[in-house]
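Subject: A structure for you to look at

Hi there,

Here is the structure I promised to pass on. Have it open while you read, and I'll walk you through what turned up.

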Amino acid sequence: MRRYGKNPDEDDIRVRPNRKGNRPRTNIRPKHEDASEGFVLTVDRGRLHVLVEDRTIIAMKARELGRKGAVVGDRVAVVGDLSGAKDTLARIVRVEERSSVLRRTADDDDPYERVVVANADQLAIVTALADPEPRPRLIDRCLVAAYDAGLEPLLVLTKSDLASPDKLLESYGALGVPHVVTSREELAAGAAERVRERLTDRVTAFVGHSGVGKTTLVNALVERQRATGHVNAVTGRGRHTTTSALALPLPGDTGWVIDTPGVRSFGLHHVDPSRVILAFPDLVPGTEDCPRACSHDEPDCALDQWVTDGHADPQRLYSLRRLLATRERREGD
């Protein structure tokens, strides 16, 4: 039976009502050209603390962003109540293009990437010389992640009053990684000038496992204080006191420090080994004769001949291959 007559424009045709009573959906999204620019300071249970001009506001991610989230260090566009008054909430409607992204995975078999920070240009790898003992494998992994993200690494060695830094620094000499050595007494007195000099006009993310004195160092650098913990005398592990990443300004607005939670592991599942060699500009020309998809750690690698011909220091090639191998070895191996 025909429901309608020949004329589909008849007045008696029934139109199914919109039960929700809202307007039809559209793919056209507002441009929010009047949105204010903000800088994400921290993320806490879905709420983002954002610096807008000279005040901190609380914001949430707009639905139109979909699955794209904002992390500490992101430059964002914010609309709504930007007064920063109590119980007010703004909306993040756009995440600006990132200049860099530092990622890690839980382990090397985990395909899920976790963004640690965005838009940093330096990675400070904080390691204690004793109590707890240094973990070179974790340092290597952080270096690989820094090179992959295009960040300049900085090795910060703490607790030099308990052990000498010479042996550890010797193993990283060929990499040419800048470093600074501090002691507990120095930081307790608030004298962190040698570290602060390395951070001027930069956005620096601090990483390290628990108990190495990372937050103590950050407290010596900035005016705002964060809680610190201690090292377990039985396990040699530190207690997590920093539970979320937090961006803090250096005095005089000379730079930013991003303190991150202590890590037990630094998975590199997301790293493309071909990008790591870009951190070794003296070796890059030697790869022109390498076989296709060369891992740079195989018998036919052209880098062996490049080094033999005297174009680069053999220790540089050894360091490159040591870093590339970290993706194949777990930290405890």
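One term before we start: a residue is called buried when its relative accessible area is under 20%. With that in hand, look at strand E8, residues 122-128, where 7 of the 7 residues are buried. Please keep in mind that this is a predicted model.

**How far to trust it**

The average pLDDT over the chain is 84, and 83% of the residues score at least 70. Be careful with residues 229-240, though: pLDDT stays under 50 there, and the model has 23 contacts for them beyond four places in sequence.

**The overall picture**

The chain has 333 residues, and 45% of them count as buried. Its secondary structure comes to 8 helices and 13 strands. If you take the contacts with a separation of 6 or more, 64% of them are between residues 24 or more positions apart.

**Back to strand E8**

Side chains in a regular strand alternate between the two faces of the sheet. So what happens on each face of E8? Gln122, Ala124, Val126 and Ala128 sit on one side, Leu123, Ile125 and Thr127 sit on the other, and all of these are buried. Strand E9 (residues 152-158) runs parallel to E8, and 7 bridges join the two. To find the pairing on screen, look for isoleucine 125, which stands opposite leucine 155 in E9.

Threonine 127 is a nice residue to click on in E8. Why does threonine 127 count as buried? Its relative accessibility is 3%, and the cut-off for buried is under 20%. Leaving aside neighbours within four places in sequence, threonine 127 is in contact with Pro134, Arg135, Ile139, Leu155, Val156, Leu157, Thr158 and Val212.

**The nonpolar cores**

The largest nonpolar core has 54 residues, and the ones with the most contacts inside it are Leu102, Leu123, Leu143 and Leu320. Helix H1 gives the most to this core, with 9 residues. There is also a second, separate core of 21 residues, which includes Ala124, Val126, Leu246 and Leu248.

For a close-up, try leucine 102: beyond four places in sequence, the residues touching leucine 102 are Arg114, Val115, Val116, Val117, Leu123, Ala145, Ala149, Leu151 and Val207.

**Three helices**

H1 has 14 residues, 13 of them buried. From first C-alpha to last, H1 reaches 20 Å, close to the 20 Å expected at 1.5 Å a residue. Right after H1 comes glycine 150, with a positive phi near 80°.

Helix H5 (residues 214-221) is mostly covered too, with 7 of its 8 residues buried. Among the buried ones in H5 are Leu217, Val218, Ala220 and Leu221, along with Lys214 and Asn219.

Then there is helix H8, residues 314-325: its 12 residues span 17 Å from first C-alpha to last, close to the 16 Å expected. H8 is largely enclosed by the rest of the structure, because 9 of its 12 residues are buried. Those are Arg316, Leu317, Ser319, Leu320, Arg321, Arg322, Leu323, Leu324 and Ala325. What covers the buried residues of H8? The cover includes helices H1 (136-149), H2 (166-171), H6 (273-276) and H7 (303-308). At the start of H8, a side-chain oxygen of aspartate 313 comes to within 3.0 Å of the backbone nitrogen of glutamine 315.

**Two loop residues to compare**

Histidine 270 is in the loop between strand E13 (256-259) and H6. With a relative accessible area of 13%, histidine 270 is buried. A polar atom of its side chain lies 3.2 Å from the backbone oxygen of arginine 103. Beyond four places in sequence, histidine 270 touches Arg103, Arg104, Thr105, Glu113, Asp148 and Arg275.

Aspartate 289 is in the loop between H6 and H7. Is aspartate 289 buried or exposed? Aspartate 289 counts as exposed, because its relative accessibility is 68% and the cut-off for exposed is over 50%. Aspartate 289 and tryptophan 306 are 17 residues apart in sequence, and their C-alpha atoms are 9.6 Å apart in space.

Have fun clicking around!

Note on methods. Residues are numbered from 1 along each chain as its sequence is written. Side-chain values use heavy atoms; hydrogens and water are left out. Helices (H or I, at least four residues) and strands (E, at least two) are DSSP runs, numbered from the N terminus. The expected span of a helix is 1.5 Å times one less than its number of residues. Buried means under 20% relative accessible area, exposed over 50%, partly exposed in between (1.4 Å probe, protein chains only). Contact means heavy atoms within 4.5 Å. A polar contact is a pair of N or O atoms within 3.5 Å; within protein, one must be able to donate a hydrogen and the other to accept it, and residues adjacent in sequence count only if both atoms are side-chain atoms. pLDDT is the predictor's confidence in each residue, from 0 to 100. A nonpolar core is a set of buried Ala, Val, Leu, Ile, Met, Phe, Trp, Tyr and Cys residues joined through side-chain atoms within 4.5 Å. Two strands pair if DSSP finds at least two bridges between them.
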